[in-house]
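Reader: I have a few questions about how the labels in this model were chosen. Could you walk me through them?

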Amino acid sequence: MLWFPLFIGIVSPQKTLGSVVADSLLYKAETRASFSGGENTPFWLVSNLYGLGSPEFNNGYVKAGVELPLQPEKRFSLGVGADLVAGWRLPGAFRVQQLFAELKYRRLWISIGSREFVSKYNDPHLSTGDLLFSNNFLPIPQIRVGTYGFAPVWGTKEWFSVNLYLAYGMFTDSKWQLSWVEKGTRRNSNVLLCSRGFSFRVGNEKVYPLTLDVGIEMGTQFGGSIYMPHGVIKMPTAFEDWVKAIIPLAGSEKTPVSDQTNVQGNMNGEYSIALRWEPLKGLKIKGYWEHYFEDHSQMTFEYGIWKDGLYGVEVTLPRNPFVSRVVYENVCTTDQTGAVNNNSTPQVPEQVSGRDNYYNHYLYSCWQTWGMTIGTPLAISPLYNRDHRLAIYNTRFKANHIALEGDPLPGLRWRFLLTFTQNWGTYWFPLPRRMDNCSGLMEVAYKGKALKGFFAKGAIAWDKGPLLGNNFGGMISLGYEGGLSLKKNN
């Protein structure tokens, strides 16, 4: 039986409404609208928005939130936050985007509720997104326990640190699936989530500006009800099933035969490595690599993990009026341990691993929530599917992505994204021919002193190619943010 680690990977909490301000209540309100022509809203006006994007034309939302952030410098700290959203032409007219409470004592941390998390290595504004947990989907409510950031190991003088977590949650899109999914096709209800992670860091930035992070992370869909064309499958949720979601084991007789011969639930994971170096003051270089896996052949290096993965580099430049950061990523998911798949039988005792069919599953449809892919958005989200089936039809692709960001003037920031992809569909349902696609975005944001607290964003975006269609559109966002001091002397 294949053994999987208990903790896999790391995700750090995001400061959602600005930098942490001691004893202050932060608040923010924003309205955003996108306008487009073509077959869909342009890709980069849909993706990596924590589920607040949609390929539907002329969509948008109004959002308001408050947060009392954790205070990292204090030994004991409590944080709470909430974001409420009313949208149009989005999945769900009203949603609780975030609603959470968190508690920190020294390096121990617990979070309860829905909140947005930043990927461990990928820049949330410039990257294509993490292969396992990107910022492409609506936050899933969960209880998460672990370390707050990297915790130095005793006796190593901060040269060796670890970060770990374990979380359980529940998907919230059951009613949306019932209304959106084509009748008679597969959908899920009340599905549970288990995610866990472990990472370690070698290096002490205070002494020498070079550090190495190595991590492994995993997410599991389990429990719930599976609505199939021929009936309903009730997946078990006894104590042993919660344990098997952490350490994957074969399912009991209460699960389908495939789970009994393999592992129970939909298991997804990734390995990741990041190397950070600051050779000069103000110049920072980060190289990172991610490898996604769905079964033992990719996890145990049986077929060569270098064939599929995300290779990226991020450069932060010394202060200048032109470009402050540059990101380049190359993503490949075409191998998936090959096109052949054969489970051993008494008649054919040899087992060949292949057709991993990334992000899709025979019971839990696919690695999505509210129609948006949980992993990289380059695996096109089900919300794009005209047939209203819960499936990710494009999981075999190669991508080259370049992103730039600059701060030419105080309060003024711009970013530019350009992504080229070659797409083959899946091994099970290949595209009739290779489809190439180009997606771009140019965005400008301003937050000036003239109107303190007000900010504005504007963007144009486009797609070119047969995969998503020829699309062109724009976005405008207006908002206000501030802080209310809670100190007694104020």
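Reader: Why does R201 count as buried?

Author: Happy to explain, with the reminder that this is a predicted model. R201 has a relative accessibility of 16%, and buried means under 20%, so R201 counts as buried.

Reader: And what makes the pair of D213 and R201 a salt bridge?

Author: The closest N and O atoms of D213 and R201 are 2.8 Å apart. The cut-off is 4 Å between a side-chain nitrogen of Lys or Arg and a carboxyl oxygen of Asp or Glu, so the pair qualifies. D213 sits in strand β13 and R201 in strand β12, twelve residues apart. D213 is buried too, because its relative accessibility is 0%.

Reader: How do you know that R325 and D123 tie together distant parts of the chain?

Author: Their side chains meet in a salt bridge at 2.0 Å, N to O. R325 lies in strand β19 and D123 in the loop between β7 and β8, so the bridge ties together parts 202 residues apart in sequence. R325 is buried at 15%, and D123 is buried at 8%.

Reader: Why is Q221 called buried?

Author: Its relative accessibility is 3%, and the limit is under 20%, so the label fits. Q221 is found in strand β13 and touches residues including F171, Y364 and W367.

Reader: What makes Q221 and N266 a polar contact?

Author: Their side chains are joined at 2.6 Å, and the definition asks for N or O atoms within 3.5 Å, one able to donate a hydrogen and the other to accept it.

Methods: Residues are numbered from 1 along each chain as its sequence is written. This is a predicted model: local features need pLDDT of at least 70, side-chain atom pairs count only at pLDDT 80 or more; totals for chains, interfaces and linings use all residues. Side-chain values use heavy atoms; hydrogens and water are left out. Helices (H or I, at least four residues) and strands (E, at least two) are DSSP runs, numbered from the N terminus. Buried means under 20% relative accessible area, exposed over 50%, partly exposed in between (1.4 Å probe, protein chains only). Contact means heavy atoms within 4.5 Å. Lists of a residue's contacts leave out its neighbours within four places in sequence.
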